Each structure stands twice: as structure tokens, then as C-alpha cells.
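Please look through the structure below. A short report on its parts follows.

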Amino acid sequence: MTLEPFRQHFSRTAYRTALPVALMATALSAFQAWLWSDLTAIGISVVSLGFGLIIFVVTYSLHYLIHFHRLQFINRVTRDIYRKQFEDYSELPARDKDEIDHLLRQAVKASETIEREISRLNKIENYRKEFIGDISHELKTPVFAIQGFIETLLNGALEDPMVNKKFLEKAMGNVNRLINLIKDLMDISRLESGERKPRPVNFSLRELIGEAVESVQYKAQKEDVEIRLKEFDKNLIVYADKDQIRQVCINLIENGIKYNRAGGWVEIGLQAFPKKSDKILLYVKDSGIGIDPAYLNRVTERFFRADKSRSREKGGTGLGLSIVKHIMQSHGENLYIESQPGKGSLFSITLPRPGGVVISPEEEQVDYHLTQNKKSTQGS
Ligand SMILES: Nc1ncnc2c1ncn2[C@@H]1O[C@H](COP(=O)(O)OP(=O)(O)OP(=O)(O)O)[C@@H](O)[C@H]1O
Ligand SMILES: [Mg+2]
């Protein structure tokens, strides 16, 4: 159907309705005049045609008034869909009075669905572009470093006992960095695609924290950082994905060690929650370098490093907290970050505890001393 009649304010639909109605009215009035009046044939024709004309005009006008505006609206919505321009169609009728209203509402619904889908696809596309850019950037440094060391070795350094082992060790360090990066990228992509959904089970938090601390103890010793483990109730059971929460704890404790100073400490404990609460708050607090308030909101972004040189020097990928955030979000739990530059940081997570568990009455109230800069990442 061409749009021209709409533009010229001529409604073909109204015309098509009015014409048969007018023809029928003409025929009926001619028949009636022939039966009941003594008009001549010409008189009968004139009266019937006049009557038919009036019926045509009235039917056309009524149809036009009732339907044309709504047909124009449908035309506008479908035209906008075609042009990928979406508006707020607030003139939508409150309820369906007839088929045209129904059609109109369906057109608006289709437009909303398409708008949502297009913005979702745009977001994915932007995310993909950004992700590829970030990865290429992150891969570039270790790959070029490995290339440089190997080239130097091949160009003669291999025969030089003063440097050959050192260069090989440096190349190996960069290979390890690449491996960490690939592992973290695989984790992120599995978390984001929903492939790595949490499989919650009941487990003892004390046991899990013990395992996490054990796995990073050697790093703490190397950095001369003391790990202070607060007393955990042995009856404290939480309901979450054990492997994922272990990964979260290791990430947070490792950060506390890495971004600390020689002779510093990392403390792991529980903050008191109301006894009947179905959540607990686990915290990892450190005496480290802290985070600049300007960066506090950004540390959970992929590849974001507040302290670039230290993170790289320690082989960090900048993905650790991003993974932590994803894990907490997929559990529907929260991650809170507080920090004061030069004094230390406090990372806390909420964890669900199953009903009916006995919690020690002496749960300790932690004195944070770090209340200035706060950030919370809410689970979605
Ligand atoms: N406890 C902390 N104290 C000070 N800064 C921190 C702390 N934890 C994280 N940061 C800052 O946030 C940035 C992001 O942390 P994240 O754990 O995501 O990456 P990373 O530690 O650099 O690398 P990865 O964890 O992948 O090995 C770090 O580079 C660091 O600058
Ligand atoms: Mg980290």
C-alpha cells in the first residue's frame, strides 16, 4: 500500500468502506422510490443518486474520523522501526477497543522489543571491541618481552654465562604472566557467559579460609607480610559455591599481600551481624598502600590497576577483582571496598548462611578505622 493517500489526507480504507455502503443505499432508495412513489425514471435516479452520495460522504467522514488517526500512528511506528528510530509513544490507547487498537499496541510492543534488542546488541559489540583492545594491549607487553630476550640470546648472549640464565628466567617470568592472563581471561569469559554458574553447597567457612591462607602463606613470607587470622566459629556454615568463594578469598588476601609494605599485615575475620541474620560479612583488611579515592570505583573494572608498576612487577593481570565482582554478583551477594591511601584497605563480602545454624555469641565486632572512602558493588 502506498503512503501517498495518507499524506494527501485521503483514506483509501474509508473510501473502500463508504463506496459499497453508498451503492447499496442508492439501490435500496431506487427500489423504494419505484415501489411507493409516482416519480418518473429520471426523478427516481436523481433522488437515489443524491441519497447514495450523502451516504457515501457520511460513511467516509465517519470512518475517516474514527480510524485515520490510529492508522497514521501505526504507520509512524512501523516507519520508525524501519529507520531504527525509537520514540516514546505515549498516545497509545489505554485499552483495546477494536482490532486497530490491538494492532497499534502490537506495533508499539514490537518497536520496544526491537529497540531493546538493538541496544543489547550494541552493548555486546562495544564490549567485544573494548575487550579485544584490552587483551591485545595486555598480550603485547609479555610477548614482545619474550621475543626480545630470545632474540638477544640467539644473537650471542646464549654463550655469555653472565646473562644467559638471567634472560631465560626473565623470558620464563613473561611466559608465566601470559599463562596467568589466559587463565583469568577464561575465568572471566566463563563467568560472563553464565557457563560458570555457582553450585552452592553448605561448607565450613573456617576450613575454607584455612585452605586459602595456606595457599598464599609462602607469598606472605616472601613479602614479609604477616597474615592474622581471627577466630572463626567452627560451626559457622555458609551456603555458596565453595571453589568460587575460595578463589575470591585467595584474590583478596593476595592483593592484601601484594599491595602492602615489608613488616605489614593482612587480617581476615568476620564482622558481627545480627544473630538471626541470614548473612555474614567476611572481611580482608590490610595495612598496605591503600587506593586513591579517585580509583576506588574503578578497581573492579577489567584490567584496571591503581598502581600499575607494582601490579605488573608482581605479575598481576588486573583481572582479579573483576573476577571477584562477577563471582559475588552471580551469588547475588555484595562486595564492599573501603580504603585510605597510605593506611590500608578493607574488602568485605556478604555470604549467605543456611537456616538453623548456631553462631557463636562472641562474634567479634571489628574496628575498621577505615570509613572514609567506601564503595559497594551490589549483586544483581
Ligand atoms: N588491597 C589492596 N590495596 C591496594 N590496592 C589494591 C588492593 N587490591 C587491589 N588494589 C588495586 O586494584 C587493582 C586491581 O586489582 P586486581 O586484583 O583486579 O588486579 P591485580 O592484583 O593487579 O592483578 P591480579 O589480581 O589479576 O593478579 C590493583 O592493580 C591495585 O592497584
Ligand atoms: Mg589481584
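## Loop between H3 and H4

Ala94 is exposed, because just 6 other C-beta atoms lie within 10 Å of its own and a residue counts as exposed at 12 or fewer. Ala94 sits in the loop between helix H3 (41–83) and H4. Its C-alpha is 9.5 Å from that of Arg105, and the two residues are 11 apart in sequence. This is a predicted model, so every value here is computed from predicted coordinates.

Lys84 belongs to the loop between H3 and H4 as well. Lys84 is not a glycine, yet has a positive phi of about 55°. Is Lys84 buried or exposed? Lys84 counts as exposed, because it has 9 C-beta neighbours inside 10 Å.

## The chain overall

The chain contains 10 helices and eight strands. It has 380 residues, and 24% of them count as buried. Take the contacts between residues at least 6 apart in sequence: 73% of these join residues at least 24 apart.

## Helix H5

Helix H5 covers residues 164–192, 29 residues in total. From first C-alpha to last, H5 reaches 42 Å. That is close to the 42 Å expected at 1.5 Å a residue.

Which residues of H5 are buried? They are Arg177, Leu181, Asp184 and Leu191. An α-helix has 3.6 residues a turn, so residues three or four places apart point the same way. The buried residues of H5 pack against helix H4 (99–154) and H10. Just after H5 comes Gly194, with a positive phi of about 85°.

## Strands E1 and E3

Strand E1 (residues 201–204) pairs with E3 in the antiparallel sense, over four bridges. Within this pair, Phe203 stands opposite Val238 in E3.

Side chains alternate along strand E3 (residues 237–240). Val238 and Ala240 point to one face and are buried. Ile237 and Tyr239 point to the other face and are not buried.

## Helix H7 and the nonpolar cores

H7 has 17 residues, which should span 24 Å at 1.5 Å a residue. The end C-alpha atoms of H7 are 24 Å apart, which agrees. Of the 17 residues of H7, 13 are buried, so the helix is largely enclosed by the rest of the structure.

The largest nonpolar core has 39 residues. Val248, Cys249, Leu252, Ile253, Val266, Val324 and Leu351 have the most contacts inside it. At least two residues of this core come from each of helix H6 (205–223), E3, H7, strand E4 (265–271), strand E5 (279–286), H10, E6 and E7. H7 supplies the largest share of this core, six residues. What does Ile253 touch, leaving out residues up to four places away in sequence? Ile253 touches Ala212, Val213, Val216, Val266, Ile268 and Val284. Another core, of five residues, lies apart from the largest one; Ala14, Ala18, Ala22 and Tyr60 are among its members.

## The shell around ligand 1

There are 25 residues around ligand 1. Which of them come nearest? Tyr259, Ala306, Ser311, Gly316 and Gly320 do. By type, the shell divides into eight nonpolar, 12 polar and five charged residues.

Helix H7 (242–258) and helix H10 (320–331) each supply at least two residues of this shell. The largest share, four residues, comes from H7. H7 also supplies the largest share of the largest nonpolar core.

## Loop between H8 and H9

Phe303 lies in the loop between helix H8 (293–296) and helix H9 (308–313). Phe303 has a positive phi of about 65° although it is not a glycine. It is partly exposed, because 19 other C-beta atoms lie within 10 Å and a buried residue needs 20 or more.

## The E6–E7 hairpin

Strand E6 (residues 335–340) and strand E7 (residues 344–352) run antiparallel and are joined by six bridges. Ser339 stands opposite Ser345 in E7. The two strands form a hairpin with three residues between them. In the turn, Gly342 has a positive phi of about 85°. Both E6 and E7 supply at least two residues of the largest nonpolar core.

Notes: Residues numbered from 1 in each chain as written. Chains lettered and ligands numbered in written order. Predicted model: local features only at pLDDT ≥ 70, side-chain atom pairs only at ≥ 80, totals over all residues. Near = placed C-beta within 6 Å. Nonpolar A, V, L, I, M, F, W, Y, C, P; charged D, E, K, R; others polar. Pairing = 2+ DSSP bridges. Expected span 1.5 Å × (residues − 1). Contact = placed C-beta atoms within 7 Å. Core = buried A, V, L, I, M, F, W, Y, C linked by C-beta atoms within 7 Å.
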